[in-house]
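Student: Hi, I've just opened this one for the first time. Could you walk me through its charged side chains?

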Amino acid sequence: MAGKILVTGATGRQGGAVARHLLKDGWDLRALTRSPDKDEALAFRQKGVEIVKGDLGDPQSVRKALDGVYGVYSVQQFWEHGFNKEVQQGKTLADEAKKVGVAHFVYSSVGSAYRSTGIPHFESKWKIEEHIRSLGLRYTILRPVFFMENFMASDMLSSIREGTLALGLDPQKRLQMIAVDDIGAFAALAFKNPDEYIGKEIDIAGDELTGPDIANGFAHIMQKEVKYHQIPIEEIQAFSDEYAIMMEWFNVRGYEADIPALRKTYPELKTFRNWIEMHWATIVGESVRVRI
């Protein structure tokens with residue numbers, strides 16, 4: 001592949017998945033990180049990735065990281081930085097990319113960002129999307145839905161192991177999900193096929209299941225009963241207004257990615273069953289043996 005791609009968030013889940021797929025395709029990579037000594041950064045350096053220390057909040061370090069690159073993968077972190085800082089970082093990276101003439105700017109947004117959801121961490125990404133379009137960048141926007149990896153959060157995984165999957169989701173409502181690795185796959189497809197992807201805005205998901213369906217998937221992999229429990233929205237609000245707003249939206253509207261069309265584009269797109277079988281050792285714990 002000609003040119004170098006700058007990957008932001010390479011030491012995190014999304015950016016890491018993107019970097020792995022781009023390396024597989026033979027791209028020359030540069031990773032921007034605030035922590036170049038993290039294990040993830042060191043592992044990528046050993047694979048030939050150029051590691052650059054910088055901060056998306058610092059236009060000067062962003063400008064330096066963009067020097068000579070062909071493409072950019074842009075992802076920001078709402079949960080760490082909050083609404084205003086996420087928007088500022090996303091706009092800064094897009095502004096600097098435009099100034100230096102980046103040929104292909106791939107931005108990771110969120111599923112249904114364009115649908116006026118009222119969810120703050122969706123609306124922040126919509127603001128960044130609008131800014132990218134206003135600049136005239138040659139862009140691709142990927143909009144991933146709920147991450148399957150969210151079930152690996154320590155509190156949730158602990159509850160699942162104890163026999164309960166608890167969400168604010170109505171038991172009859174289907175939730176679209178995606179494996180983070182597949183975000184990397186679609187980013188790689190976009191960079192590999194710019195004529196097909198520049199100017200495209202694509203919601204991406206790999207499966208669509210109810211809460212009880214998801215619980216049954218965990219029960220199968222752990223060979224024990226896992227019950228589904230719907231957490232009342234009032235209880236969710238007590239610890240997170242943001243999460244409560246999102247769950248209410250899931251129950252009333254929900255994501256609308258075209259999964260069959262996505263699977264035609266990328267047949268390896270993972271179902272929840274595919275994903276859970278790939279991660280069974282972590283899910284069940286090292287001391288438990290299962291047969292798949």
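Tutor: Let's go through some salt bridges and the burial of their partners, keeping in mind that this is a predicted model.

Student: OK, how many salt bridges does the structure hold?

Tutor: The structure holds 16 salt bridges, and one of them joins the side chains of Arg-143 and Glu-129, with an N to O distance of 2.8 Å. That pair links distant parts of the chain, since Arg-143 lies in strand E6 (residues 139-144) and Glu-129 in helix H6 (residues 120-135), 14 residues apart.

Student: And are Arg-143 and Glu-129 buried or exposed?

Tutor: Both Arg-143 and Glu-129 are buried; Arg-143 counts as buried because its relative accessibility is 3%, and the cut-off is under 20%.

Student: What about Glu-201, which residue does it form a salt bridge with?

Tutor: Glu-201 forms a salt bridge with Arg-133, and their closest N and O atoms are 3.0 Å apart. This pair also links distant parts of the chain, with Glu-201 in strand E10 (residues 201-204) and Arg-133 in helix H6, 68 residues apart.

Student: Why does Glu-201 count as partly exposed?

Tutor: Glu-201 counts as partly exposed because its relative accessibility is 32%, and Arg-133 is partly exposed too, with a relative accessible area of 25%.

Student: Back to Arg-143: where does the salt bridge between Arg-143 and Asp-203 sit in the chain?

Tutor: Arg-143 in strand E6 and Asp-203 in strand E10 are 60 residues apart, and their side chains meet in a salt bridge at 3.3 Å, N to O. Asp-203 counts as buried, at 11% relative accessibility.

Student: Which residues do the salt bridges with shared partners join into one network?

Tutor: Glu-129, Arg-133, Arg-143, Glu-201 and Asp-203 are joined into one network by salt bridges that share partners.

Terms used: Residues are numbered from 1 along each chain as its sequence is written. This is a predicted model: local features need pLDDT of at least 70, side-chain atom pairs count only at pLDDT 80 or more; totals for chains, interfaces and linings use all residues. Side-chain values use heavy atoms; hydrogens and water are left out. A salt bridge is a side-chain nitrogen of Lys or Arg within 4 Å of a carboxyl oxygen of Asp or Glu. Helices (H or I, at least four residues) and strands (E, at least two) are DSSP runs, numbered from the N terminus. Buried means under 20% relative accessible area, exposed over 50%, partly exposed in between (1.4 Å probe, protein chains only).
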